[in-house]
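This report describes a single protein chain through its strand pairing, aromatic contacts, core and charged side chains. The structure is shown first.

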Amino acid sequence: MNATGPRPWVTIADMRSLRRHRVVVPVLLCVLAVLGARPMAADEEPADPADGPETHSGPVATGLSAEVVRLYEEAAVATQRYEAGRAEAEEQRAKARRAEELLDTQRRHIAALHEDLGRIARAQYRTSGGLPVAAQMILADSPDGLMRGHHAFAQADLAVNNAISKNRRAEARLSADEAKAAAEWEALEKRNAQLAALKADIEEKLESAREELQGRADAAVAAGACRGAVRLDQPETEFTSAWVAPVETYVLSSSYGSGGARWANRHTGQDFAVPIGTPVRAVGAGRVVRVSCGGPFGIEIVLRHAGGYYTQYAHLASVAVDQGEQVVPGQWIGQSGTTGNSTGPHLHFEARVTPESGSAVNPVSWLAARGVSL
């Protein structure tokens, strides 16, 4: 039996930026999971394979698994809000810089107008024999000359004054816009600092809950006995296809057939690098044929699908289904972890022709043939 090797740690922000499928995320602080352990009773018979897909409808209770899922979703939404706030602050800061640049342009234009006015005055003085314009008008030798001089002087003076007045009004507006943009940017920066603090607080709680969840999973693997299904309140989904990826957001790591010292032969599945506690989904309708908690794969689930194919989900931190249950596409069947022969959080996913190890086919090609592109 082959086992998987080290996986990189992936943060919530990394996951959001590498999203491959449409995210189904409720509003911030929406409780997404409520659950408790409920092993199958001794007198409870598994569902008949001939029956249509059915999901477990027994009682649910709150617990650590539910807390991890809730914090997982809260952290995702908090990260989304933080990143949106950062983008908004950058946009507002750019707006403030543009306003300052316009102000500088207006100031240079007004300075040029003042310089032009000085040149006009100096030219008038030189061409009038040193007499002021007003004196030339008084000494005009005819009424027409007086009127022409007055009109020319008035027009020139009005044009310059109007231009200066117009630019001063524009400068005042731009100055107000600059102050407003700067104030809005400072407010956004302050709000973003609050969002960053909220995000950090949620992620700290999430990390602590993940460590506790993994600790319980490791204890179950060491004992070689599963604790029973910890039911997760399923999210509302809008899947339009019969097949989905095993996790919603991920980074692909070790691929099928890759070699290395960590595996006895070749890697038998596709690894999805995801944090501990990430909800793991059934890739299609099927029946749970195995839930085990020991060996190189740690906590694992094996499903049987139509056509005689099987899928395996390994190195889990918890399971949300019992053996014999029917599942539907996208149903949360467990949470990812790093149990068994694993040196980092990830989901090991296989597609097989039998429920046993050693019968794996390329899971990426197998999913692609069913319309799922990873």
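In this predicted model, Tyr 313 stands opposite Phe 349 in strand E9. The two strands concerned, E6 (310–319) and E9 (347–352), run antiparallel and are joined by five bridges. E6 also pairs with E5 (299–304), again antiparallel and through five bridges. In that pairing, the residue opposite Tyr 313 is Ile 301. E5 and E6 form a hairpin with five residues between them, and Gly 307 in the turn has a positive phi of about 90°. A further antiparallel pairing, of three bridges, connects E6 to strand E8 (residues 332–336); here Leu 316 has Ser 336 as its bridge partner. E6 is mostly covered, with ten of its ten residues buried.

**Nonpolar core**

Tyr 313 and Ile 301 recur in the largest nonpolar core, which comprises 42 residues; together with Leu 303 and Ile 333, they touch the most other members. Several elements each supply at least two residues of this core, including helix H2 (64–127), helix H4 (143–223), strand E4 (286–293) and helix H5 (363–368), as well as E5, E6 and E9.

**Aromatic contacts**

The structure holds five aromatic pairs. The ring centres of Tyr 250 and Phe 272 are 5.1 Å apart and the planes lie at 85°, so this pair is edge-to-face. The pair links distant parts of the chain, 22 residues apart: Tyr 250 is in the loop between H4 and strand E1 (251–252), whereas Phe 272 is in strand E2 (residues 270–273). Tyr 250 counts as buried because its relative accessibility is 0%, and Phe 272 is likewise buried, with a relative accessible area of 0%. Tyr 250 and Phe 272 form one aromatic cluster with Tyr 313 and Phe 349, the two residues that stand opposite each other across E6 and E9.

Arg 370 is placed over two rings. Its charged end sits over the ring of Trp 243, 5.5 Å from the centre, and Arg 370 also lies over the face of Tyr 309, at 5.1 Å from the ring centre.

**Helices and salt bridges**

UniProt lists residues 79–116 and 160–223 as "coiled-coil region" in an unreviewed entry. Over residues 79–116 the chain is 100% helix and 0% strand, and the end C-alpha atoms are 56 Å apart. Ala 66 belongs to helix H2 and is buried, with a relative accessible area of 4%. Ala 66 and Val 230 are 164 residues apart in sequence, yet their C-alpha atoms are 8.4 Å apart in space.

The count of salt bridges comes to eleven. Three of them are set out below.

| Salt bridge | Closest N to O distance |
|---|---|
| Arg 86 and Glu 83 | 3.8 Å |
| Glu 203 and Lys 199 | 3.5 Å |
| Lys 205 and Asp 201 | 3.4 Å |

Arg 86 and Glu 83 are three residues apart in helix H2, so about one helical turn separates them. Arg 86 is partly exposed at 42% relative accessibility, as is Glu 83 at 36%. Glu 203 and Lys 199 both lie in helix H4, four residues apart, about one turn of the helix. Glu 203 is partly exposed at 26%, whereas Lys 199 is buried because its relative accessible area of 15% is under 20%. Lys 205 and Asp 201 are also four residues apart in helix H4; Lys 205 is partly exposed at 48%, and Asp 201 is partly exposed at 35%. Elsewhere, salt bridges that share partners join Glu 67, Arg 70 and Glu 74 into one network.

Methods. Residues numbered from 1 in each chain as written. Predicted model: local features only at pLDDT ≥ 70, side-chain atom pairs only at ≥ 80, totals over all residues. Heavy atoms only, no water. Core = buried A, V, L, I, M, F, W, Y, C linked by side-chain atoms within 4.5 Å. Buried < 20%, exposed > 50% of the residue type's maximum accessible area, 1.4 Å probe, protein only. Pairing = 2+ DSSP bridges. UniProt positions renumbered as here; feature names shortened; annotations may be inferred. Phe/Tyr/Trp six-rings, centres within 6.5 Å; stacked < 30°, edge-to-face > 60°. Lys NZ or Arg CZ within 6 Å of the ring centre and 35° of its normal. Salt bridge = Lys/Arg side-chain N within 4 Å of Asp/Glu carboxyl O.
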